[in-house]
Amino acid sequence: MASLKFILSAYLLSLSLCYAFEERVTAESQHELQHMHTIQLSSLLPSSVCNPSTKGNAKKSSLKVVHKHGPCFKPYGNGEKAASPSPSVSHAEILRQDQSRVKSIHSRLSKNSGSLDEIRQTDDATLPAKDGSVVGAGNYIVTVGVGTPKKDLSLIFDTGSDLTWTQCEPCVKYCYEQKEPKFDPTVSQSYSNVSCSSTICTSLQSATGNSPSCASSTCLYGIQYGDSSFSIGFFGKETLTLTPTDVFPNFLFGCGQNNRGLFGGAAGLMGLGRDPISLVSQTATKYKKLFSYCLPSSASSTGHLTFGPGASKSVQFTPLSSISGGSSFYGLEMIGISVGGKKLSIAASVFTTAGTIIDSGTVITRLPPDAYTPLRTAFRQFMSKYPTAPALSLLDTCYDFSKYSTVTLPKISLFFSGGVEVSVDKTGILYASSKSQVCLAFAGNSDPTDVGIFGNTQQHTLEVVYDVAGRKVGFAAGGCS
């Protein structure tokens, strides 16, 4: 009888242990699923059809943003159908160009630039944002009006640049092909040149990194980008029309008459940095140095660039930090990374050694080597069931998904000071060259003292809010939809 009781007790004990184990396994599985994305492989590949977003367009100070290589932007007129990416630009080339931009940023932060001679060698406005991977000059495009009467021009907007410029007639040496007819200042009623002797002319040094020159007492600017693209021309004043109700007379800009580079059909560039010459500073009276954007999830959709207040209530703000030698850049204090819901073991000094900036023009997020290595290791562990593929340029963790229609990958979050967690959208974790070569869209810097860069792939679909006067940057999910 006693032995029967013992057997029964042992059986009940083993049964309870079994249930407890199953519950623990189930809880662990549910916890793991909460920190995983399941995505359709087709969502990572280019589409030939434009699927515009409607968010942001209702705001009176909002511009549509499009991708340079996508079907939402026809760079050379309405008759040409754009692909994504452009057939003339391979993914390897886009990443090579991206590396050129990053090297330029690192160089700019480590030393002073040269001279123009060396180169010769409510109160909110929203513009739609289009993505167009451009060497050194940024990736996303908006359309604005310049002159009186206004001429619509497509400009790449770039938080890593300050000077706004457009190609102008006449081209003294060279102009690249662009979507719209080039701007002709002689037919505008509101254009005027800036004098060489004015203090405004000398202020170009901080905005371009180059000393201005003179031609017949007229101020000349010159700016060069990481890929050796450049623009040289007259520094002038003109009326800028962002929306029908938001018009800015005497806007300082560059009227480029010698321009070279891979600007993808855009007429020029819109500088959204922190210098006094940037658009953010020149429109401060109306917009209070506030702007936000949402970069689309793919080249076949659209986002928006919005000026003035009106951010969603769910935005979390982190303070702007100072970057040595880079007063125009937007510095952030990154403090950690998680993969699949687990915080990586990374010393705080890894992030503070070089600092971090957020940049709309860099494609791939760059991390200090001692932050990238644990991220890559953790990601590879989660992805171990998938066959690997060769590296793609600077991307060293790639997979062959040709036999899959859906894939599961770990969620990745970036942590910033002020208790801010930014969950990277599922479209911002991978970079797809083809079904057989899909890569982790992060890269490591070669030198731990090189600044980290929060790139635009990882910003996909986020509402990113720049409160320059308040010295903070905010993030919220679902900014494009």
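This is a short walk through one sheet, the helix lying across it, and three disulfides of a predicted model.

**Stop 1: the sheet**

Start by selecting residues 388-389, which are β21, and 430-434, which are β26. These two are the edge strands, each pairing on one side only. Now fill in what sits between them: the order is β21-β22-β27-β26, an open sheet of 4 strands with antiparallel pairing.

Zoom in on β21 and add residues 398-399, strand β22. The two strands run antiparallel and are joined by 2 bridges. Show T388 and look across to β22: the residue standing opposite is Y399.

**Stop 2: the helix across the sheet**

Next, select residues 369-382, helix α9. Which strands does α9 lie across? Those are β22, β26 and β27, the last being residues 437-440, and the helix runs at about 130° to β27.

**Stop 3: a disulfide inside the sheet**

Stay here and show C398 and C439 as sticks; a disulfide joins them, with S to S at 2.0 Å. The torsion about the S-S bond is 105°, a right-handed link. C398 belongs to strand β22 and C439 to strand β27, so this pair links distant parts of the chain, 41 residues apart.

Are these two cysteines buried or exposed? C398 counts as buried because its relative accessibility is 2%, under the 20% cut-off. C439 is buried as well, with a relative accessible area of 0%.

**Stop 4: two more disulfides**

A search of the whole structure finds 7 disulfides; the tour takes in two more of them.

Select C201 and C219, where the S to S distance is 2.1 Å. The torsion about this S-S bond is about 85°, so the disulfide is right-handed. C201 lies in helix α4 and C219 in strand β9 (residues 218-224), so the pair ties together parts that are 18 residues apart in sequence. Color by accessibility, and both C201 and C219 come out buried.

Then jump to C196 and C214, also joined by a disulfide, here with S to S at 1.6 Å. What is the handedness of this disulfide? It is left-handed, because the torsion about the S-S bond of C196 and C214 is about -115°. C196 is in the loop between β7 (192-193) and α4 (199-202), while C214 is in strand β8 (residues 213-215), so the link ties together parts 18 residues apart in sequence.

Finish with the surface switched on: C196 counts as buried at 15% relative accessibility, whereas C214 is exposed at 53%.

Terms used. Residues numbered from 1 in each chain as written. Predicted model: local features only at pLDDT ≥ 70, side-chain atom pairs only at ≥ 80, totals over all residues. Heavy atoms only, no water. Pairing = 2+ DSSP bridges. Contact = heavy atoms within 4.5 Å. Axes fitted to C-alpha atoms, helices over the stretch in contact; angles between N-to-C directions. Disulfide = S-S within 2.5 Å. Buried < 20%, exposed > 50% of the residue type's maximum accessible area, 1.4 Å probe, protein only.
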